[in-house]
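The following exercises are to be worked with the sequence and the coordinates at hand. Each task is followed by a solution in steps.

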Amino acid sequence: MVAKVSASERSWVANKSTFVSVLVNILLTILQIIFGLITSSYSLIADALHSLSDLVSDVVVLVANRFAKQKPNAKHPFGHFRFETIAVLIIAVLLFVVGAQIIMTSVERMQSGVVLEINAGLAFFIALVAIVAKELLYRYMAHEAKRVESAMLMANALHARSDSISSLVVAIGLAAHFFGIMHADLVASLIVGSMIAIMGLRMGWSALMDLADRSVDKETLDKISNAIRETPGVVDFHDLKTRKAGDFILVELHLDLPGTMTIAEGHDISDRIEARIKNEVPLVMSVLTHFDPIHFPAPAAPAMAKETGMY
């Protein structure tokens, strides 16, 4: 079970990890662009554009994090957590645009038939440096994202992982070019662009579904259901609904309670259910319950009880 993380800690982790990402991506972008131009490797330049898009996504995360941590108000009574989902959507659109641009430029260069002389050995070494840096950045950011259960940070971490994979493709293409396979550098840039665009589409679709009030995954829903079912005093429940608010979860349900139970007793059960759910799923922000009275049939008469062998 993941320990509950406060909003202030989530915000601090988001800022810290994002500033680390900014520093790494600035250095990589400068390094790849300079050596991409020196070596005439378009795949290295394409990878630099990917790193540059990471810088923009880092800025988006920082801005979204600032808005998301604002307290609820009259206009946003449920808080501002969906700014995180909006940030994921912006990052996704950015990825798709960058990927599509790389694809179009690669195809145009391949159709032109011009083969540039590339210093594949030097470019290959720079690609290896990028692979190591981006993979280490991904592992760091993914660890922090899982620790505080942040979809926004995980989206940014996956962006860094896509950079690592794209740099690997670039390295393979440069190695192939070094051994005399023409257009291998452009083929590598085409693959990199396709990978970036596909990741953008997947992330964007997921963010749109969250904005459209998609329910939580089955595993989380089962945890919530079990927490309700195991609470003493509950006869049954129905109409269980969940939806996302950024990384947080809103829960609504109807409780079947004995009709003879007082309002105070029902309220106590509702409070226990909320506590159990939040203990099992720390990201649950609120639990809204509605009481449905259940009337049990009257006990059997003594004569009927004798016939059934109870007496």
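**Exercise 1. Determine which residues Ile249 touches, leaving out those up to four places away in sequence, and classify its burial.**

Solution. The model is a predicted one.
- Step 1: Ile249 belongs to strand E2, which spans residues 248–258.
- Step 2: On one list of contacts stand Val216, Thr220, Thr242, Arg243 and Lys244, together with Val281, Leu283, Val284, Met285 and Ser286.
- Step 3: Among these partners, Met285 lies 36 residues from Ile249 along the chain, yet their C-alpha atoms are separated by 5.6 Å.
- Step 4: The relative accessible area of Ile249 is 5%, so Ile249 is buried, the cut-off being under 20%.

**Exercise 2. Describe how helix H7 and helix H8 pack, and state which residues meet.**

Solution.
- Step 1: H7 covers residues 218–229 and H8 covers residues 263–280.
- Step 2: Their axes are 9 Å apart and form an angle of about 145°.
- Step 3: The crossing of H7 past H8 is right-handed.
- Step 4: From H7, the residues Lys223, Ile224, Ala227 and Ile228 take part; from H8, Ile273, Arg276, Ile277 and Glu280 do.
- Step 5: By class, this contact comprises 5 nonpolar and 3 charged residues, with no polar ones.

**Exercise 3. Locate Ser225 and Pro232, and list the contacts of each beyond four places in sequence.**

Solution.
- Step 1: Ser225 is part of helix H7.
- Step 2: Its relative accessibility is 11%, and Ser225 therefore counts as buried.
- Step 3: The contacts of Ser225 outside its sequence neighbours are Phe237 and Leu240.
- Step 4: Pro232 sits in the loop that runs between H7 and strand E1 (236–245).
- Step 5: Pro232 is in contact with Ile269, Arg272 and Arg276 when neighbours within four places are set aside.
- Step 6: Between Pro232 and Ile269 the C-alpha separation is 7.6 Å, across 37 residues of chain.

**Exercise 4. Are Ser40 and Asp239, which have positive phi, buried or partly exposed?**

Solution.
- Step 1: Ser40 is not a glycine, but its phi is about 65°.
- Step 2: Ser40 occupies the loop between helix H1 (7–39) and helix H2 (42–68).
- Step 3: With 30% relative accessibility, Ser40 is classed as partly exposed.
- Step 4: Asp239, also a residue other than glycine, has a positive phi near 55°.
- Step 5: Asp239 is placed in strand E1.
- Step 6: Its relative accessibility of 45% makes Asp239 partly exposed.

**Exercise 5. State how many aromatic pairs the structure holds, and classify the geometry.**

Solution.
- Step 1: The count is 1 aromatic pair.
- Step 2: The ring centres of Phe178 and Phe179 are 5.4 Å apart and the planes stand at 90°, so this pair is edge-to-face; the class requires planes over 60 degrees apart.
- Step 3: Phe178 and Phe179 are both exposed.

**Exercise 6. Summarise the protein chain as a whole: its helices and strands, its buried residues and its accessible surface.**

Solution.
- Step 1: The protein chain has 9 helices and 3 strands.
- Step 2: Along the sequence these follow the pattern α-α-α-α-α-α-α-β-β-α-β-α.
- Step 3: Of the 311 residues, 44% are buried.
- Step 4: Considering contacts between residues at least 6 apart in sequence, 75% link residues at least 24 apart.
- Step 5: The accessible surface amounts to about 16,200 Å², and carbon and sulfur atoms account for 67% of that area.

Conventions:
Residues are numbered from 1 along each chain as its sequence is written. This is a predicted model: local features need pLDDT of at least 70, side-chain atom pairs count only at pLDDT 80 or more; totals for chains, interfaces and linings use all residues. Side-chain values use heavy atoms; hydrogens and water are left out. Axes are lines fitted to C-alpha atoms, for helices over the stretch in contact, and angles run from 0 to 180 degrees between N-to-C directions. Helices (H or I, at least four residues) and strands (E, at least two) are DSSP runs, numbered from the N terminus. A crossing is left-handed if the near helix is turned anticlockwise from the far one by less than a right angle, and right-handed if clockwise. Contact means heavy atoms within 4.5 Å. Ala, Val, Leu, Ile, Met, Phe, Trp, Tyr, Cys and Pro count as nonpolar, Asp, Glu, Lys and Arg as charged, and the others, Gly among them, as polar. Buried means under 20% relative accessible area, exposed over 50%, partly exposed in between (1.4 Å probe, protein chains only). Accessible areas come from the Shrake-Rupley method with a 1.4 Å probe; for residues, only the protein chains shown count as cover. Rings of Phe, Tyr and Trp (its six-membered ring) pair if their centres lie within 6.5 Å; planes under 30 degrees apart count as stacked, over 60 as edge-to-face and the rest as tilted.
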